[in-house]
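The following exercises are to be worked with the sequence and the coordinates at hand. Each task is followed by a solution in steps.

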Amino acid sequence: QVPLINELESAMHQLYKQRASRLVQRRQDDIKDESSEFSSHSNKALMAPNLESFGRDRVIYQEQVKRRTAEREARRARRRQAREQTGKMADHLEGLSSDDEETSTDITNFNMERDRILKESSKVFEDVLESFYSIDCIKSQFEAWRSKYFASYKDAYIGLCLPKLFNPLIRLQLLIWTPLEGKCRDFETMLWFESLLFYGCEEQEQVKDDADISLLPTIVERVVLPKLTVISENIWDPFSTTQTSRMVGIVQKLVDGYPSVVNAENKNTQMLLKALLLRMRRTLDDDVFMPLYPKNILENKNSGPYLFFQRQFWSSVKLLGNFLQWYGILSNKTLQELSIDGLLNRYILMAFQNSEYGEDSIKKAQSVIACFPKQWFANLKGDKTISQLENFCRYLVHLADTIYRNSIGCSDVEKRNAREHIKQIIKLLASIRALDHAVTVANDHNVKELKILIEGK
């Protein structure tokens, strides 16, 4: 029956993959459509280079864009209405929510196919005696052998064979298990886990090198880790904060609970981490987009380009925070490469430089810094921050200088506000241990309270 179980598992993975790919493709299409809508006519041509200026293909393309735009705005309106009803509207920023709404047709088709696979899975052992497919029955037979004839049980290397024997039976029970969904059960509360939890732990004295002690860790290694690898590569969306939190949670649970197998030396763990990194890098390459507009275009804060720019900025900050949820699991070097080199310096900093210099930029910088793990800066020696943040620090210094220059000739109130903003920037620099830059800003703008600002970071 193993080939049939393999087919069912593959079909279920493909079903979830198709749904995830559909949502990612829709997000990419929405970004392309908005980018084209707010670009010049010459840029619009770049969005559909293979279409004739006049003709049937052009008309079809325009109709598709209109339909996608109407659907996109309708989904956003429904999310805004839901936030208003729950009282979350006040502090919400466009770009921080995930657009994972599905049409009723897609939901129906998904459920129908999932039900079909589950129905097929219930028939896998319908012509097999229970003693040959029930985990409880199989376990009982081997427990009896172990209890009565332990020497022959050990000589037959049953402890090494059991994980392979239980493997397909457990995979069948895990067919629809995915930790990305809130209603998903903890695998440690499932019947197979509870059945095998105390296998080989009878009261007799434990034998040295007893393979049965590692039965569940071995199953986690050979069943749960490969399942998570497939989910990471094909189903997980790094842009979703909820999915990322759940994915981090299950991986951290395995790291803490199964250190003998979930570690850097284990091949299945390496494959899982590789899948996570590949998915994150694919998101950076394919899904992140930061539009650039002249500052005079962004002066109108109700215009389409301004709203699109803000949405893309905050979605990038959300992705930064999602990446950095993996602190403590992925190495600092890898995380800094992805989050700072790949996202902050490549996209977010470009948006900062294209924004107006003032209170809004300071709030955005605070949001970015809030994503960084505090442990990155706790043990730094000297007065310099980590090298990858140098460009960000230089931007903050430039922001302080610009705020000061813009306050020259203004009223006393505006000058006091500018001075408070400069102090906030010094605090931000101190919070990431960029003390050299903090001192520079304080000296350049005659801020006397440097020590208080640094210590109060």
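**Exercise 1. Two residues with positive phi**

Does Y157 count as buried or exposed, and at what relative accessibility? Carry out the corresponding analysis for N446.

Solution. The model is a predicted one.
- Step 1. Locate Y157: this residue sits in the loop between α6 (150–155) and α7 (158–173).
- Step 2. Apply the cut-off: a residue is exposed over 50% relative accessible area. Y157 counts as exposed because its relative accessibility is 55%.
- Step 3. Examine the backbone. Most residues other than glycine have a negative phi. For Y157, phi is positive, near 55°.
- Step 4. Turn to N446, which is placed in the loop between α18 (435–444) and α19 (450–455). N446 is not a glycine, yet its phi is positive at about 55°.
- Step 5. Classify N446: with a relative accessible area of 47%, this residue is partly exposed.

**Exercise 2. Confidence along the chain**

Determine where the confidence of the model is lowest and where it is highest.

Solution.
- Step 1. Begin with the average: the protein has a mean pLDDT of 86, and 92% of the residues score at least 70.
- Step 2. Identify the extremes. Helix α2 (residues 41–47) has the lowest confidence, with a mean of 36, whereas helix α11 (residues 267–286) has the highest, at 95.
- Step 3. Delimit the weak segment: over residues 41–53 pLDDT stays under 50. The model has 13 contacts beyond four places in sequence for these residues.
- Step 4. Draw the consequence for reading the model: where pLDDT is low, the predicted coordinates should not be read in detail.

**Exercise 3. Overall architecture**

Describe the secondary structure, the extent and the domain division of the protein.

Solution.
- Step 1. Count the elements: the protein has 19 helices and 0 strands.
- Step 2. Take the dimensions: the C-alpha trace spans about 95 × 65 × 40 Å along its principal axes.
- Step 3. Consider burial and surface. Of the 457 residues, 45% are buried. The accessible surface is about 24,500 Å², and carbon and sulfur atoms account for 52% of that area.
- Step 4. Consider the charges: the mean positions of the 64 positive and 63 negative charges lie 4 Å apart.
- Step 5. Divide the chain. The domain assignment places 1–39 + 62–72 + 102–201 + 208–258 in domain 1 and 288–455 in domain 2.
- Step 6. Relate the two parts: the centres of domain 1 and domain 2, taken over C-alpha atoms, are separated by 41 Å. Contact between them involves 15 residues of domain 1 and 16 residues of domain 2.
- Step 7. Assess the range of contacts: among those between residues at least 6 apart in sequence, 74% join residues at least 24 apart.

**Exercise 4. Buried helix residues and their contacts**

Which residues are in contact with L320 and with I138, leaving aside neighbours within four places in sequence?

Solution.
- Step 1. Place L320 in helix α12 (residues 304–323).
- Step 2. Apply the cut-off: buried means under 20% relative accessible area. L320 is therefore buried, its relative accessible area being 0%.
- Step 3. List the contacts of L320: S339, L343, I348, V368, C371 and F372.
- Step 4. Place I138 in helix α5 (residues 135–148). I138 is also buried, since its relative accessible area is 7%.
- Step 5. List the contacts of I138: S131, F132, Y133, L165, F166 and L169.

**Exercise 5. Separation in sequence and in space**

For four residue pairs, set the separation along the chain beside the C-alpha distance.

Solution.
- Step 1. Q243 belongs to helix α10 (residues 241–257) and is partly exposed at 22% relative accessible area. Q243 and N322 are 79 residues apart in sequence, with 9.4 Å between their C-alpha atoms.
- Step 2. L278 lies in helix α11 and is partly exposed at 42% relative accessibility. L278 and S232 are 46 residues apart along the chain, and their C-alpha atoms are 9.0 Å apart.
- Step 3. I138 and S152 are 14 residues apart in sequence, and their C-alpha distance is 18 Å.
- Step 4. For L320 and Q141, 179 residues apart along the chain, the C-alpha separation is 52 Å.
- Step 5. Complete the picture for Q243 with its contacts beyond four places in sequence, which are L180, I235, W236 and D237.

Terms used
Residues numbered from 1 in each chain as written. Predicted model: local features only at pLDDT ≥ 70, side-chain atom pairs only at ≥ 80, totals over all residues. Heavy atoms only, no water. pLDDT = per-residue confidence, 0-100. Helix = DSSP H or I, 4+ residues; strand = E, 2+ residues; numbered from the N terminus. Contact = heavy atoms within 4.5 Å. Buried < 20%, exposed > 50% of the residue type's maximum accessible area, 1.4 Å probe, protein only. Areas by Shrake-Rupley, 256 points an atom, 1.4 Å probe, with all protein chains shown as cover. Lys, Arg positive; Asp, Glu negative; His and termini not counted. Charge placed at Lys NZ, Arg CZ, Asp CG, Glu CD. Domains from an automatic or database assignment.
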